[in-house]
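The exercises below ask the reader to work through one protein model, contact by contact and strand by strand. Each task is followed by a solution that proceeds in steps.

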Amino acid sequence: MEFWYSNKFKKSAKKIWKSNLKYKLKINDCIKDFQKKLFNSKYYRKKLKNYKNCHSLTVTWDIRIVIEILIKDNKCYFLNIWTHSDLEISSEKRNKF
């Protein structure tokens, strides 16, 4: 499987890394673990409702990564990373991936 990182993901990850260096290590561990084990990763959380092919990874209790997996193309896109407080998914407000 090929892994791709969106510019939005890279920019958001750098912002989180600046706030705390230990988050950088934890995020890198999450990415590596998911790349090796995919859905059996200890960081894999769930498939997101209302978003086709999108899934959530839990890095810490506060940090989430949203990925899109295209099985047909054998690709995984890391779309975005948020702190839990920034993540608003409700019927009225939805974050754009």
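**Exercise 1: the surroundings of Phe-34**

Leaving aside its neighbours within four places in sequence, Phe-34 is in contact (heavy atoms within 4.5 Å) with Phe-3, Phe-39, Ser-41, Tyr-44, Leu-57, Ile-67, Ile-69, Cys-76 and Phe-78. The model is a predicted one, in which local features need pLDDT of at least 70 and side-chain atom pairs count only at pLDDT 80 or more, while totals for chains, interfaces and linings use all residues. Residues are numbered from 1 along each chain as its sequence is written, and side-chain values use heavy atoms, with hydrogens and water left out.

Task: place Phe-34 within the largest nonpolar core, and state which elements give two or more residues to this core.

Solution. Begin with the term: a nonpolar core is a set of buried Ala, Val, Leu, Ile, Met, Phe, Trp, Tyr and Cys residues joined through side-chain atoms within 4.5 Å, where buried means under 20% relative accessible area, exposed over 50%, and partly exposed in between, with a 1.4 Å probe and protein chains only. Next, take the members: the largest core has 17 residues, of which Ile-27, Phe-34, Leu-57, Ile-65, Ile-67, Phe-78 and Ile-81 touch the most other members. Two or more residues of this core come from each of α1, α2 (21-37), β4 (63-70) and β5. Finally, a second, separate core of 6 residues includes Leu-48, Tyr-51, Cys-54 and Val-66.

**Exercise 2: the strands**

Task: determine how β5 pairs with β1 and with β4.

Solution. First, list the elements, for which helices (H or I, at least four residues) and strands (E, at least two) are DSSP runs numbered from the N terminus: the chain has 2 helices and 5 strands, in the order β-α-α-β-β-β-β. Second, apply the pairing rule, under which two strands pair if DSSP finds at least two bridges between them. Strands β1 and β5 run parallel and are joined by 4 bridges, with Cys-76 of β5 as the bridge partner of Phe-3. The pairing of β4 with β5 is antiparallel and extends over 8 bridges, and here Arg-64 stands opposite Trp-82 in β5. In the hairpin of these two strands, which has 4 residues between them, Asn-74 takes a positive phi near 60°. Third, consider the burial of β5: because 7 of its 9 residues are buried, this strand is largely enclosed by the rest of the structure.

**Exercise 3: the aromatic rings**

Task: classify the ring pair of Tyr-5 and Phe-78, and state which parts the pair ties together.

Solution. Rings of Phe, Tyr and Trp (its six-membered ring) pair if their centres lie within 6.5 Å; planes under 30 degrees apart count as stacked, over 60 as edge-to-face and the rest as tilted. A search of the whole structure finds 7 aromatic pairs. For Tyr-5 and Phe-78 the centres are 4.9 Å apart and the planes at 20°, so this pair is stacked. Since Tyr-5 lies in strand β1 (residues 2-5) and Phe-78 in strand β5 (residues 75-83), the pair ties together parts that are 73 residues apart in sequence. Tyr-5 is partly exposed, with a relative accessible area of 30%, whereas Phe-78 is buried at 0%. By contrast, Phe-39 and Tyr-44 form an edge-to-face pair, 5.2 Å centre to centre with 90° between the planes. To close, Phe-3, Tyr-5, Phe-9, Phe-34 and Phe-78 form one aromatic cluster.
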